Amino acid sequence: MDLRTFLTGVGVVALCFFGIPIRIDDNKLGEHKLKFKSFTQQFKKGYVTDQDEYEMRFEHFQNSLKMIETLNSQRMNNNSAYYGLTEFSDLSQEEFVRHKLHPLLSRRVRQHPGHLVGSTFRNHKQNHRLNHNRLTKRAVQADLPQVVDWREKGAVTAINNQKTCGACWAFSTVQTVESMNFVKTGQLQKLSVQQAIDCARNGNMGCDGGDTCSLVMWLADNKIRLEPEKAYPLVLETQVCKLKKSTIGVLVATNYTCDYLVGDEDTLLSLLAYHGPVAVAVNALSWQYYLGGVIQFHCDGSPQNLNHAVQIIGYD
């Protein structure tokens, strides 16, 4: 079945990090050691008997504590983002990017320059531009809804854990196709992320990286049906493609768009309100410590700092 799918190439939630030197007294050091011991027990870290590894992780842990303190000091109200210890708090920033994010995503996104978005969401390839243009808004009502949450409408499948498989590009795209299929048919169907990991071309490399724009282009141009997850289950590693000419699954229409919306949040809000969830690329560095709340600071939407792909399902 065809569906009208919208995927943005670049998101508006983008964050950056700053290195902060650490100087602590003996009392603080003792406190940090106790916290680190509790941390290793809570998250069942396997390096507790390896002294060299333990000391290295403790150093990263101390950096994390200082960064968490700095981030929380910038909270403006009770709704602001708050940060704390997570299972990633013993990683350096470089390790977090390398193992949990997608460090090459920015390079891939810059291969998709900005183009105009019209009221009918014209095809990405037909409106490809070498220079960035300000996006033309789709006609919307004068007042946007104050709150949009597509989960409440039953349009969003459960959150996935990609673990060490660098396929955020596949998860976010497939989940958005699932949502748009629901908008079209009223039925929420779990589709195969593994199919995208194993089979997508256009430069996508399975668990070693890819991007949302290239995936949706491959699906639409080749009339590839995304199969149900039950038919092609998730294994979180790149395998030989098992794709066969299928008569089941969901087709992506060729009227998708892939756009740069940094600085044009009104268009993004309108799309979320009146069209459906979108897939975006973001800078997720400070998500290493994120526990909840609304992120308001450290925003950097430049393409060179993108490192993760997610689905936006609403706003508040």
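Helix α5 has 18 residues, which at 1.5 Å a residue should span 26 Å (the expected span being 1.5 Å times one less than the number of residues), and its end C-alpha atoms are 26 Å apart, in agreement. This is a predicted model, in which local features need pLDDT of at least 70 and side-chain atom pairs count only at pLDDT 80 or more, while totals for chains, interfaces and linings use all residues. Residues are numbered from 1 along each chain as its sequence is written, and side-chain values use heavy atoms, with hydrogens and water left out.

**Helix α5 and the cores**
- Because 15 of its 18 residues are buried (under 20% relative accessible area, 1.4 Å probe, protein chains only), α5 is largely enclosed by the rest of the structure.
- The largest nonpolar core (buried Ala, Val, Leu, Ile, Met, Phe, Trp, Tyr and Cys residues joined through side-chain atoms within 4.5 Å) has 26 residues, and W218 and L219 are among those with the most contacts inside it.
- Two or more residues of this core come from each of α5, α6 and α7, and α7 gives the most, with 6 residues.

**Salt bridges**
- The whole structure holds 5 salt bridges (a side-chain nitrogen of Lys or Arg within 4 Å of a carboxyl oxygen of Asp or Glu).
- K45 and D90 meet at 3.5 Å, N to O, and the pair ties together parts that are 45 residues apart in sequence, because K45 lies in the loop between α1 and α2 and D90 in the loop between β2 and α3.
- E95 and R57, both buried, form a salt bridge with their closest N and O atoms 2.7 Å apart, and E53, R57 and E95 are linked in a network.

Conventions. Buried < 20%, exposed > 50% of the residue type's maximum accessible area, 1.4 Å probe, protein only. Helix = DSSP H or I, 4+ residues; strand = E, 2+ residues; numbered from the N terminus.
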